[in-house]
Amino acid sequence: MSLNSEEVVTHNSDIQTPLPSLLHLSFNQDHACFAVGTDRGFRILNCDPFREIFRRDFDRGGGVAVVEMLFRCNILALVGGGPDPQYPPNKVMIWDDHQSRCIGELSFRSDVRSVRLRRDRIIVVLEQKIFVYNFADLKLMHQIETIGNPKGLRPLRKGQVRIEHYASKRTKFVMAHDSRIACFALTQDGHLLATASSKGTLVRIFNTVDGTLRQEVRRGADRAEIYSLAFSSNAQWLAVSSDKGTVHVFGLKGNSGAQVKDTPRIASDLTRTSSSPSSSLSLFKGVLPKYFSSEWSVAQFRLVEGTQYVVAFGHQKNTVVILGMDGSFYRCQFDPVNGGEMSQLEYHNCLKPPVF
């Protein structure tokens, strides 16, 4: 999805500049910044306070379909995309912003779907293969065959997740769902894994060490495409966005923090408690269908249905940051005790430059 090409930004002069088309959105590893890829180049923005840190617009071509940050450092991974790509879509370009140029590249036989960075590794995802490189010298360390994987999610087979523990040289397989994996996320320490399937009704949280199921929460009863999952830094909360246009926040078990009051309220699907604990019919678990004993979200924020949103938890307490492929930036706050609808704290369009 991209912005309407007819939308324009008006500066103090009489010149009207069309907004670029948005190709990519992603947070950095600690969710303090986010990257925007457009048909002209890329931009890096700060979340709190919201401000553009820098942008790079290219003279020729310019389309960047993947921008992966490494925390706040000057090194980024870029992949070309859009109708006029800046780089071939089968290459990962290592960009040094101090030098404003590429300092390395990785080439493949097919298009790159996704890239992830950490301080010692580069992970490149193709449709049917994953490559792991050492960051220091770009030496190939590992490659893994996968099933058809157009989203770049790194699945091994239908519904299965493979967890590689490189420090201990262990591999763990988890059968997370009966249908295909649509989205997943890890906690910052890598101890918990959240997964959603192509059905989009349930989200499951697993222990990555032994592969055990820790918790199952329900987004809703109807099918939905899950766009993103995100843990809070303390692993107390999990945020979920989907094509239904609602961002949900769930409370996680086994973590300290305020518990939500167990008072009834009316929800979109059924009457249920405002806590993430199960529905008011949970006493009949084992008699009624599993749906009636599901754990529901603590808090919700409603957006435009059908627009793709990615979510993360803000650095301010009990806040969620939401990025939309329509250029929108929202910061919202949820009540960890009473739950319910989140309150909007601010809104911006990340594609519109400041007017001086």
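Biologist: Buried means under 20% relative accessible area, exposed over 50%, and partly exposed in between (1.4 Å probe, protein chains only). Why does Lys91 count as partly exposed?

Modeller: Good place to begin! This is a predicted model, in which local features need pLDDT of at least 70, side-chain atom pairs count only at pLDDT 80 or more, and totals for chains, interfaces and linings use all residues. Residues are numbered from 1 along each chain as its sequence is written, and side-chain values use heavy atoms, leaving out hydrogens and water. Lys91 counts as partly exposed because its relative accessibility is 22%.

Biologist: With which residue does Lys91 form a salt bridge?

Modeller: A salt bridge here is a side-chain nitrogen of Lys or Arg within 4 Å of a carboxyl oxygen of Asp or Glu. For Lys91, the closest N and O atoms of the pair are 3.0 Å apart, and the partner is Glu105.

Biologist: How many residues apart in sequence are the parts that Lys91 and Glu105 tie together?

Modeller: Strands (E, at least two residues) and helices (H or I, at least four) are DSSP runs, numbered from the N terminus. Glu105 is partly exposed, with a relative accessible area of 39%. Lys91 sits in strand β9 (residues 91-96) and Glu105 in strand β10 (residues 101-107), so the parts they tie together are apart in sequence by 14 residues.

Biologist: How many salt bridges does the count come to?

Modeller: Besides Lys91 with Glu105, the salt bridges include Arg331 with Asp48. The count by this rule comes to 13.

Biologist: How many residues apart are Arg331 and Asp48?

Modeller: The closest N and O atoms of their salt bridge are 3.8 Å apart. Arg331 belongs to strand β29 (residues 328-333), while Asp48 is in the loop between β5 (41-46) and β6 (51-57). The pair therefore links distant parts of the chain, at a separation in residues of 283.

Biologist: Is Arg331 buried or exposed?

Modeller: Its partner Asp48 counts as partly exposed at 35% relative accessibility. Arg331 has 2% relative accessibility, so it counts as buried.

Biologist: Which residue is linked with Asp48 and Arg331 in a network of salt bridges?

Modeller: The network holds the pair we just discussed, Asp48 and Arg331. Linked with them is Glu346.

Biologist: Which residue follows Asp48 across a cis peptide bond?

Modeller: Most peptide bonds are trans. The bond from Asp48 has omega near 0° and is cis. The residue on its other side lies in the loop between β5 and β6, and that residue is Pro49.

Biologist: Which residue meets Lys253 in a salt bridge?

Modeller: The N to O distance is 3.1 Å, and the partner of Lys253 is Glu295. Lys253 lies in the loop between β23 (246-251) and β24 (264-266) and its partner in the loop between β25 (271-273) and β26 (299-302), so the pair ties together parts 42 residues apart in sequence. Lys253 is partly exposed, with a relative accessible area of 46%, whereas a buried place, with a relative accessible area of 11%, belongs to Glu295.

Biologist: In the hairpin of β15 and β16, which residue takes a positive phi?

Modeller: Two strands pair if DSSP finds at least two bridges between them. Six bridges join β15 (residues 160-165) to β16 (residues 170-175), and the two run antiparallel; one of the pairs is Gln160 with Met175. Four residues lie between the strands, and the one with phi near 55° is Lys169.

Biologist: What is the relative accessible area of Lys169?

Modeller: Lys169 is found in the loop between β15 and β16. Lys169 is exposed because its relative accessible area is 77%.

Biologist: In the hairpin of β13 and β14, which residue takes a positive phi?

Modeller: Strand β13 (residues 129-134) pairs with β14 (residues 140-145) in the antiparallel sense over five bridges, and Lys129 stands opposite Glu145. Five residues lie between the strands, and the one with phi near 60° is Leu138.

Biologist: How far apart in space are Lys139 and Arg121, C-alpha to C-alpha?

Modeller: Lys139 has its place in the loop between β13 and β14, and it is exposed, with a relative accessible area of 55%. Lys139 and Arg121 are 18 residues apart in sequence, and their C-alpha to C-alpha distance in space is 9.7 Å.

Biologist: What is the phi of Phe71?

Modeller: Most residues other than glycine have a negative phi. Phe71 is in the loop between β7 (64-69) and β8 (75-80), and it counts as partly exposed at 24% relative accessibility. Although Phe71 is not a glycine, its phi is positive, at about 50°.
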